[in-house]
Number of protein chains: 2
Amino acid sequence: MLPGLLGYHVRLAQIAIFEDFERALEHLGVSPGLFALLVIIDANPGLKQTALAQAARIDRSTLVPALNKLEQRGLVERRSAPADRRSNGLFLTTAGAELLHDATGAVREHEAGIASGLTGAEREQLMDMLDRLAPRSR
Amino acid sequence: MLPGLLGYHVRLAQIAIFEDFERALEHLGVSPGLFALLVIIDANPGLKQTALAQAARIDRSTLVPALNKLEQRGLVERRSAPADRRSNGLFLTTAGAELLHDATGAVREHEAGIASGLTGAEREQLMDMLDRLAPRSR
DNA sequence: TTCACTTTGTTTGACATCAAACAATCGCGT
DNA sequence: ACGCGATTGTTTGATGTCAAACAAAGTGAA
């Protein structure tokens, strides 16, 4: 039964990919979730926490301890916005930008590794088909 | 950056599929994880807990509260094995088998829904490519 | 202006998960 | 027969996640 279900294969692939990602970026202390946060902040300096949570597809409340960790490690800064004293603008520190640079290189190698069983065209097609899955939920 | 990564697309697909699954089987109180357990027990009556955990790709310790819930709901039985007093043989009750039957029908509809944007051939190809991902981890 | 409603970040509670430690039991080698 | 190591199920602790509730701050309508 299970081997005929798309969700089963997607879940197994997800587990395998995240395990490989963790292994590839272990020396940098970067998980898939933290990497996504760094990438989004880097591309959108000054982003509010709520907006970052939406972009990263996690709950506002889940983001809080993650940002605390990144801030304690000196990778991200929360600057209270002058216009709206409720919200924080998020910025990468120099150390954060450097770590993101190193992590990006490691992620590229990881990506090549997990896709090594696929041709370039298959890889594109795979991402395309994944995006067309579960249309009701999008 | 993120939209070029396989892991990103797989994760989004995974979230969407599980959300749809939850919605489709909400009336039965069956999550993807519990469904997998029922399917595996049904196909392998008398299975030990450790073996079930391996088959379902979860930790032995994670299985304990899940089985407690299934047992409390009267869907699964733990029968202590006469040959090895450490282990429990797992069996579906009549109620468990009936629930699994209903759930299987709902899962078939769910599967058709999430795959509605794909042709049958694409669906097969998608599962095949997912299985060829992250070869280092298999 | 004032007051209800919304937004923002945070705290708390519930739950799934893994890893480590544990007692009970088993099995094997001597 | 005995004892050491492995196995089995469980408990405990840490982490990541969502949902609900909350205070502080902003917004808009009467």
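The surface near DNA strand D has 10 charged, 7 polar and 3 nonpolar residues; here "near" asks for a heavy atom within 4 Å. For the classes, Asp, Glu, Lys and Arg count as charged, Ala, Val, Leu, Ile, Met, Phe, Trp, Tyr, Cys and Pro as nonpolar, and the others, Gly among them, as polar. This is a predicted model, where local features need pLDDT of at least 70, side-chain atom pairs count only at pLDDT 80 or more, and totals for chains, interfaces and linings use all residues. Residues are numbered from 1 along each chain as its sequence is written, chains are lettered from A in the order in which they are written, and side-chain values use heavy atoms, with hydrogens and water left out.

**Around DNA strand D**
- Asp59(A), Lys48(B), Thr50(B), Arg78(B) and Arg86(B) come nearest among the 20 residues around the strand.
- Sugar or phosphate accounts for 64% of the strand D atoms within 4 Å of the protein, and bases for the rest.

**Polar contacts (N or O atom pairs within 3.5 Å)**
- An N or O atom in the side chain of Ser61(A) is 2.9 Å from a base nitrogen of DNA strand D.
- Phosphate oxygens of DNA strand D lie 2.8 Å from a polar side-chain atom of Thr62(A) and 3.0 Å from a polar backbone atom of Asn88(B).
- Helix H4 (60-72) of chain A, with helix H3 (49-56) and helix H4 (60-72) of chain B, are the elements giving two or more residues to this surface; helices are DSSP runs of H or I, at least four residues, numbered from the N terminus.

**How the two chains relate**
- A turn of 180° with a shift of 0.0 Å along the axis lays chain A on chain B at an RMSD of 0.0 Å, superposed by least squares on C-alpha atoms of residues with pLDDT of at least 70 in both.
- That is the relation of a two-fold axis.
- Both copies use the same surface, as 100% of the contact residues of chain A recur in chain B, contact being heavy atoms within 4.5 Å.

Technical notes
A polar contact is a pair of N or O atoms within 3.5 Å; within protein, one must be able to donate a hydrogen and the other to accept it, and residues adjacent in sequence count only if both atoms are side-chain atoms.
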